[in-house]
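Trainee: Could you take me through one helix of this model in close detail, and then show me what surrounds it in the rest of the chain?

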Amino acid sequence: MSSADLLITGATGFIGFKVLLGALQEGYTVRAAVRSSEKGETLASHPKITASNKADNLSLIEVPDITRDGAYDEAIKGVTYVIHLASPLPSPFLDPQTGIYEPNIKGVSTLLVSASKEPSVKKVVITSSVFANTPFPPDPSQEITAETRVPDLPGPFDSILPAYSAGKIGALNFTERFINEKKPSFTVVNVFPGFVFGRDDRALDAKELYAGTNRILLGAITGQSAPNPMPAGATHVDDAAKVHLAGLKEGMSGNFGVTTVHDFNDAWTAVQKHFPEAVADGTFKQGNQPTVPVNWNAHQTEIDLNFTFKTYEDMVVDVAGQYLELSGKKA
Ligand SMILES: NC(=O)c1ccc[n+]([C@@H]2O[C@H](COP(=O)([O-])OP(=O)(O)OC[C@H]3O[C@@H](n4cnc5c(N)ncnc54)[C@H](OP(=O)(O)O)[C@@H]3O)[C@@H](O)[C@H]2O)c1
């Protein structure tokens, strides 16, 4: 196994790939934990990696089942830093209990237990979610911040959003109990993104843009009508990656929200403003994704890290622009 200073889980994903590219650019030597050798080969041979001049700083390790005790024991050997992004998103193709809820919690618990056995580890950054602090269903009269906590929800779960929400709540609560009880020698940073949108660096054609959460935004500008309302809270993928990497820095610990309040259907106003030709020729059509208001306030992160989050309009421009580029149309 090659030596590395940073272990990243979930680097094949939308946010994880952006974090991986940023980490390589910042000079980290990265070990990416992947589910299979095929996934690893696809990752390592991606044009963004091979063109980065940093491909030699990336190595791979297979972790086929993150829910297995000791899953990360080998992967974590010798690293100083860990960024843990691997977890299932809400998906109708997964069993809510075993495919969404359990891997969200077990993935975090196996990782923390492995980290506590490896003395080289100094920092663990965990990708949580605004769902971890938000009671389900959300109550818009309550302000939520990165410090808000929700008690564990009793399962079992037979629908996907409650399973995901309970998984993120359970993983966060597990993390805090683990720190209090085990007092590990490493520091933990929790990052709380909203729905993440922006250019997907993995995508090589327009179809691949639907692999991640960008498909929700694309639905709202390509004439689709979503059956279920979604809670407010949006995050530019660049900001999500920036906060994860900032979490590795000396002195950073605790909880960082990275989300702005939004309304999904404002995407239509943004494409009308920025892409009038694509609206006129019918490439973009008004869709409908209803929004459940949530009063999530992540301003403290902007203060602490001294930058301003990108807006929902920025996210729409980037996603719609990449969609046009990859469809061979003028952006
Ligand atoms: N996207 C959002 O809107 C959003 C918002 C808040 C928080 N988050 C959190 O951010 C993290 C990354 O999300 P993303 O948007 O990048 O998702 P994504 O594109 O679906 O990527 C998920 C990553 O996790 C891995 N993964 C999924 N299920 C797994 C399992 N059961 N065992 C092992 N690995 C598994 C995937 O590996 P494969 O490539 O092998 O499938 C992939 O690398 C997740 O923890 C997610 O909950 C996402």
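Mentor: Happy to! Let's begin where helix H4 begins: a side-chain oxygen of Asp95 comes to within 3.1 Å of the backbone nitrogen of Gln97. That is a polar contact, meaning a pair of N or O atoms within 3.5 Å, one able to donate a hydrogen and the other to accept it, where residues adjacent in sequence count only if both atoms are side-chain atoms. Before going on, please keep in mind that this is a predicted model, in which local features need pLDDT of at least 70 and side-chain atom pairs count only at pLDDT 80 or more, while totals for chains, interfaces and linings use all residues. Residues are numbered from 1 along each chain as its sequence is written, and side-chain values use heavy atoms, leaving out hydrogens and water.

H4 covers residues 96–116, 21 in number; helices here are DSSP runs (H or I, at least four residues) and strands are E runs of at least two, numbered from the N terminus. From first C-alpha to last, H4 reaches 29 Å, close to the expected 30 Å, which is 1.5 Å times one less than its number of residues. There is a kink of about 40° at Glu102, shortly before the proline Pro103; the bend is the angle between axes fitted to the seven residues ending at a position and the seven starting there. H4 is also mostly covered, with 16 of its 21 residues buried (under 20% relative accessible area; exposed is over 50%, partly exposed in between, with a 1.4 Å probe and protein chains only).

Now for the surroundings. The largest nonpolar core has 82 residues, and Ile8, Leu20, Val30, Phe197, Phe284 and Tyr312 have the most contacts inside it. Such a core is a set of buried Ala, Val, Leu, Ile, Met, Phe, Trp, Tyr and Cys residues joined through side-chain atoms within 4.5 Å. Helix H1 (residues 14–25) gives this core its largest share, eight residues. A second, separate core of 23 residues includes Ile61, Ile66, Val82 and Leu111.

Val30 is worth a stop: leaving aside neighbours within four places in sequence, its contacts (heavy atoms within 4.5 Å) include Ile8, Leu20 and Leu58.

Finally, look at His46, in the loop between helix H2 (37–44) and helix H3 (47–50). His46 counts as buried because its relative accessibility is 8%. A polar atom of the His46 side chain lies 3.0 Å from the backbone oxygen of Arg202, and among the residues His46 touches are Phe17 and Leu204.
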